[in-house]
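Biologist: I should like to learn how to read the features of a model, beginning with strand pairing. Please give the general idea before each case.

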Amino acid sequence: MNANPWAAPKSREIRRVLVSLDERIAQACDIEPDAGDDPHIVTLRHAEIAALRAHVYLHGQRSGTYGIFYEYPHPVPGILESEENLPLPKVLASLALHFDA
């Protein structure tokens with residue numbers, strides 16, 4: 001990961017996701033440098049494939065859960081593009097799968 005998750009200008013819940021990434025996932029992705037100033041969303045990109053990204057967000061989610069919107073370098077029909085109301089362990093598992101970590 002290219003940034004200190006504790007210093008990220010994000011909400012406590014988003015920072016919790018960032019600090020919970022295990023070593024494999026953290027090495028496979030970086031925080032998008034121009035991820036914006038919304039404290040309730042973070043954009044992660046693959047360390048080598050910039051177009052492979054995941055947006056983890058809190059907007060519209062039940063308390064204690066997260067949403068993820070996935071971006072792929074090439075659109076693939078039938079591939080899941082987003083997931084809603086995921087608890088933290090499922091977020092981490094989905095990010096590991098998305099970033100092939």
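Modeller: Two strands are said to pair if DSSP finds at least two bridges between them. Strands themselves are DSSP runs of E with at least two residues, helices are runs of H or I with at least four residues, and both are numbered from the N terminus. Here, Tyr57 has Gly67 in β4 as its bridge partner. As for the basis of these statements, this is a predicted model, in which local features need pLDDT of at least 70 and side-chain atom pairs count only at pLDDT 80 or more, while totals for chains, interfaces and linings use all residues. Residues are numbered from 1 along each chain as its sequence is written, and side-chain values use heavy atoms, with hydrogens and water left out.

Biologist: In which sense do β3 and β4 pair, and over how many bridges?

Modeller: Strand β4 comprises residues 66-71, and its pairing with β3 is antiparallel, over five bridges. β3 is also joined to β2 by five bridges, again in antiparallel fashion. Leu44 stands opposite Ala54 of β3, and a hairpin of six residues joins β2 to β3.

Biologist: What joins β1 to β2?

Modeller: Three bridges do so, and these strands run antiparallel. Cys29 has His46 of β2 standing opposite.

Biologist: How should I place these strands within the whole chain?

Modeller: One begins with the order of the elements. The protein chain has three helices and five strands, arranged along the sequence as α-α-β-β-β-β-β-α. Its radius of gyration is 12 Å, close to the 13 Å that the globule rule gives for 101 residues, so the chain is as compact as a globular protein of that length. That radius is taken over C-alpha atoms, and the rule is 2.2 Å times the number of residues to the power 0.38. The C-alpha trace spans about 35 × 30 × 25 Å along its principal axes.

Biologist: How is burial to be read?

Modeller: A residue is buried under 20% relative accessible area, exposed over 50%, and partly exposed in between (1.4 Å probe, protein chains only). By this criterion, buried residues make up 43% of the 101 residues in the protein chain. Five of the six residues of β2 are buried, so this strand is largely enclosed by the rest of the structure. Strand β3, residues 53-57, is mostly covered, with four of its five residues buried.

Biologist: Which residues of helix α3 are buried, and what covers them?

Modeller: In α3, residues 88-98, the buried residues are Leu88, Val91, Leu92, Ser94, Leu95, Ala96 and His98. Their cover includes α1, α2 (23-28), β2, β3, β4 and β5.

Biologist: How does one read the surroundings of a single residue, such as Pro39?

Modeller: One lists its contacts, a contact being heavy atoms within 4.5 Å. Pro39 is in the loop between β1 (29-31) and β2 (41-46). Leaving aside residues up to four places away in sequence, Pro39 touches Pro9, Lys10, Ser11 and Ile14. Pro39 counts as partly exposed because its relative accessibility is 31%.

Biologist: Is its contact Ser11 buried or exposed?

Modeller: Ser11 counts as buried because its relative accessibility is 9%. This residue lies in the segment before α1 (12-20) and touches Pro39, His40 and Leu58, with residues up to four places away in sequence not counted.

Biologist: What does the sign of phi tell me?

Modeller: Most residues other than glycine have a negative phi. Asn85, which is found in strand β5 (residues 82-86), has a positive phi near 50°. Asn85 is partly exposed, with a relative accessible area of 22%. Asp100, which follows α3, also has a positive phi, near 50°.

Biologist: Finally, how are charges treated?

Modeller: Lys and Arg count as positive and Asp and Glu as negative, while His and the chain ends are not counted. Each charge is placed at NZ of Lys, CZ of Arg, CG of Asp or CD of Glu. The protein chain has 9 positive and 14 negative side chains, with the centres of the two sets 8 Å apart.
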